[in-house]
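Student: I should like to understand how the terms used for a protein model are justified. Could we take them one at a time?

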Amino acid sequence: MNLGNNLYQARKKKGLSQEDAAEKLGVSRQTISKWETDETLPDIRQAKQLSMLYGLSLDELISFDVEMQEIQDVIGRISDEVTEKIDWTKAWSKKYPILASYQKEVDISYYAEELCRLLIRMEKEYGYNELDSMLVLKDILARVWKNRGKKNSGK
(Lines give C-alpha, C1' and ligand atoms only; values in the text may rest on other atoms or scores of the structure.)
Protein backbone atom coordinates (compact mmCIF):
# COMPACT_ATOMS: atom_id res chain seq x y z
CA MET A 1 0.00 0.00 0.00
CA ASN A 2 1.25 3.51 -0.76
CA LEU A 3 1.19 6.49 1.59
CA GLY A 4 -1.65 8.23 -0.26
CA ASN A 5 -3.88 5.18 0.04
CA ASN A 6 -2.88 4.82 3.71
CA LEU A 7 -3.92 8.42 4.34
CA TYR A 8 -7.21 7.88 2.52
CA GLN A 9 -7.99 4.66 4.44
CA ALA A 10 -7.06 6.22 7.80
CA ARG A 11 -9.24 9.27 7.11
CA LYS A 12 -12.18 7.09 6.07
CA LYS A 13 -11.72 4.91 9.14
CA LYS A 14 -12.06 8.05 11.28
CA GLY A 15 -15.22 9.01 9.37
CA LEU A 16 -13.83 12.31 8.15
CA SER A 17 -14.38 13.97 4.79
CA GLN A 18 -11.47 15.64 3.02
CA GLU A 19 -13.01 18.96 4.04
CA ASP A 20 -13.18 17.91 7.69
CA ALA A 21 -9.55 16.77 7.71
CA ALA A 22 -8.42 19.91 5.88
CA GLU A 23 -10.19 22.17 8.36
CA LYS A 24 -8.69 20.38 11.37
CA LEU A 25 -5.20 20.53 9.84
CA GLY A 26 -5.41 24.09 8.55
CA VAL A 27 -4.84 23.13 4.91
CA SER A 28 -7.05 23.09 1.82
CA ARG A 29 -9.20 20.18 0.73
CA GLN A 30 -7.08 20.06 -2.43
CA THR A 31 -3.98 19.52 -0.29
CA ILE A 32 -5.63 16.50 1.37
CA SER A 33 -6.60 15.21 -2.08
CA LYS A 34 -3.05 15.63 -3.40
CA TRP A 35 -1.63 13.73 -0.41
CA GLU A 36 -4.15 10.92 -0.88
CA THR A 37 -3.39 10.61 -4.60
CA ASP A 38 0.39 10.72 -4.03
CA GLU A 39 0.63 13.91 -6.07
CA THR A 40 2.44 15.55 -3.17
CA LEU A 41 3.64 14.49 0.27
CA PRO A 42 2.92 16.08 3.64
CA ASP A 43 5.97 17.54 5.34
CA ILE A 44 7.07 16.04 8.65
CA ARG A 45 4.99 18.48 10.76
CA GLN A 46 1.91 17.80 8.66
CA ALA A 47 2.52 14.05 8.86
CA LYS A 48 2.67 14.33 12.66
CA GLN A 49 -0.60 16.28 12.66
CA LEU A 50 -2.17 13.63 10.41
CA SER A 51 -1.05 10.87 12.73
CA MET A 52 -2.57 12.65 15.72
CA LEU A 53 -5.80 13.41 13.85
CA TYR A 54 -6.18 9.79 12.76
CA GLY A 55 -5.07 8.35 16.09
CA LEU A 56 -2.08 6.52 14.63
CA SER A 57 1.66 6.69 15.20
CA LEU A 58 3.75 7.87 12.25
CA ASP A 59 4.88 4.28 11.70
CA GLU A 60 1.28 3.07 11.73
CA LEU A 61 0.26 5.83 9.34
CA ILE A 62 3.01 4.98 6.89
CA SER A 63 2.21 1.28 6.95
CA PHE A 64 -1.53 1.56 7.73
CA ASP A 65 -3.30 -1.70 7.03
CA VAL A 66 -7.06 -1.23 7.22
CA GLU A 67 -7.66 -4.97 7.68
CA MET A 68 -5.21 -5.18 10.57
CA GLN A 69 -6.72 -2.08 12.15
CA GLU A 70 -10.22 -3.55 11.82
CA ILE A 71 -9.10 -6.80 13.46
CA GLN A 72 -7.50 -4.87 16.32
CA ASP A 73 -10.66 -2.79 16.73
CA VAL A 74 -12.85 -5.91 16.86
CA ILE A 75 -10.57 -7.54 19.43
CA GLY A 76 -10.76 -4.40 21.56
CA ARG A 77 -14.56 -4.44 21.49
CA ILE A 78 -15.07 -8.10 22.40
CA SER A 79 -16.01 -8.54 26.03
CA ASP A 80 -14.59 -11.29 28.23
CA GLU A 81 -18.07 -12.82 28.45
CA VAL A 82 -18.27 -13.18 24.66
CA THR A 83 -14.70 -14.46 24.46
CA GLU A 84 -15.56 -17.22 26.94
CA LYS A 85 -18.43 -18.41 24.73
CA ILE A 86 -16.32 -18.79 21.59
CA ASP A 87 -14.98 -22.24 20.74
CA TRP A 88 -11.63 -20.96 19.51
CA THR A 89 -10.39 -24.41 18.48
CA LYS A 90 -13.42 -24.89 16.26
CA ALA A 91 -13.16 -21.37 14.87
CA TRP A 92 -9.46 -21.66 14.01
CA SER A 93 -9.74 -25.26 12.77
CA LYS A 94 -11.50 -23.98 9.67
CA LYS A 95 -8.26 -22.28 8.71
CA TYR A 96 -5.95 -24.83 10.36
CA PRO A 97 -7.53 -28.32 10.16
CA ILE A 98 -4.86 -29.85 12.42
CA LEU A 99 -6.66 -28.18 15.35
CA ALA A 100 -9.67 -30.43 14.75
CA SER A 101 -7.68 -33.66 14.53
CA TYR A 102 -4.54 -33.54 16.69
CA GLN A 103 -6.40 -34.72 19.82
CA LYS A 104 -6.44 -38.28 18.41
CA GLU A 105 -2.67 -38.34 17.86
CA VAL A 106 -0.98 -36.20 20.49
CA ASP A 107 -0.39 -37.16 24.12
CA ILE A 108 -2.23 -34.07 25.37
CA SER A 109 -1.78 -34.88 29.06
CA TYR A 110 2.03 -34.89 28.69
CA TYR A 111 2.14 -31.47 27.02
CA ALA A 112 -0.55 -30.11 29.33
CA GLU A 113 1.54 -31.08 32.38
CA GLU A 114 4.63 -29.45 30.89
CA LEU A 115 2.74 -26.27 30.10
CA CYS A 116 1.15 -26.27 33.55
CA ARG A 117 4.63 -26.42 35.10
CA LEU A 118 5.69 -23.44 33.01
CA LEU A 119 2.58 -21.49 34.02
CA ILE A 120 3.15 -22.17 37.72
CA ARG A 121 6.82 -21.25 37.41
CA MET A 122 5.96 -17.97 35.70
CA GLU A 123 3.37 -17.14 38.37
CA LYS A 124 5.88 -17.81 41.16
CA GLU A 125 8.91 -16.12 39.58
CA TYR A 126 7.18 -13.00 38.30
CA GLY A 127 4.05 -12.76 40.42
CA TYR A 128 1.81 -12.86 37.36
CA ASN A 129 -1.73 -14.12 37.67
CA GLU A 130 -2.81 -17.22 35.75
CA LEU A 131 -4.14 -15.35 32.72
CA ASP A 132 -1.12 -13.05 32.43
CA SER A 133 1.22 -16.05 32.71
CA MET A 134 -0.64 -17.83 29.90
CA LEU A 135 -0.54 -14.74 27.69
CA VAL A 136 3.19 -14.25 28.27
CA LEU A 137 3.93 -17.91 27.46
CA LYS A 138 1.73 -17.69 24.37
CA ASP A 139 3.65 -14.60 23.26
CA ILE A 140 7.00 -16.30 23.88
CA LEU A 141 5.84 -19.33 21.88
CA ALA A 142 4.80 -17.04 19.01
CA ARG A 143 8.25 -15.40 19.07
CA VAL A 144 9.96 -18.79 19.05
CA TRP A 145 7.79 -19.84 16.10
CA LYS A 146 8.55 -16.63 14.21
CA ASN A 147 12.30 -16.99 14.82
CA ARG A 148 12.24 -20.65 13.73
CA GLY A 149 10.54 -19.59 10.52
CA LYS A 150 13.24 -17.02 9.82
CA LYS A 151 15.99 -19.58 10.43
CA ASN A 152 14.29 -22.24 8.29
CA SER A 153 13.55 -19.85 5.42
CA GLY A 154 17.25 -19.10 5.17
CA LYS A 155 18.18 -22.76 4.54
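Tutor: The discussion below sets values against definitions, for a model that is predicted.

Student: Why are helix 1 and helix 3 called oblique to each other?

Tutor: Helix 1 (residues 3-13) and helix 3 (residues 29-36) pack at an angle of about 125 degrees, and their axes are 7 Å apart. Angles of 65 to 115 degrees count as roughly perpendicular and those over 145 as roughly antiparallel, while the rest, outside the roughly parallel range under 35, are oblique. Helix 1 and helix 3 are therefore oblique.

Student: Which residues make that contact?

Tutor: Helix 1 contributes Gly4, Asn5, Leu7, Tyr8 and Arg11, and helix 3 contributes Ile32, Trp35 and Glu36. By class, four are nonpolar, two polar and two charged.

Student: What makes helix 2 oblique to helix 4?

Tutor: Helix 2 (residues 18-25) and helix 4 (residues 44-54) pack at about 120 degrees, with axes 11 Å apart. That angle makes helix 2 oblique to helix 4. The contact joins Ala21, Lys24 and Leu25 of helix 2 to Gln49, Leu50, Leu53 and Tyr54 of helix 4.

Student: How much space lies in the largest pocket, and which residues are the closest to its centre?

Tutor: The largest pocket holds about 2,300 Å³ of space. Among its 34 lining residues, Trp92, Leu99, Met134, Lys138 and Leu141 are the closest to the centre. Helix 11 gives the largest share of the lining, 12 residues.

Student: Which classes of residue form the lining of the largest pocket?

Tutor: The lining has 27 nonpolar, two polar and five charged residues.

Technical notes. Residues are numbered from 1 along each chain as its sequence is written. This is a predicted model: local features need pLDDT of at least 70, side-chain atom pairs count only at pLDDT 80 or more; totals for chains, interfaces and linings use all residues. Side-chain values use heavy atoms; hydrogens and water are left out. Axes are lines fitted to C-alpha atoms, for helices over the stretch in contact, and angles run from 0 to 180 degrees between N-to-C directions. Helices (H or I, at least four residues) and strands (E, at least two) are DSSP runs, numbered from the N terminus. Contact means heavy atoms within 4.5 Å. Ala, Val, Leu, Ile, Met, Phe, Trp, Tyr, Cys and Pro count as nonpolar, Asp, Glu, Lys and Arg as charged, and the others, Gly among them, as polar. On a 1 Å grid over the protein atoms alone, a cavity is a set of points where a 1.4 Å probe fits but cannot get out, and a pocket is an open set with protein on both sides within 12 Å along at least five of seven lines; lining residues have an atom within 4 Å of a point. Grid points are joined across faces, edges and corners, and a volume is the space filled by probe spheres set on the points.
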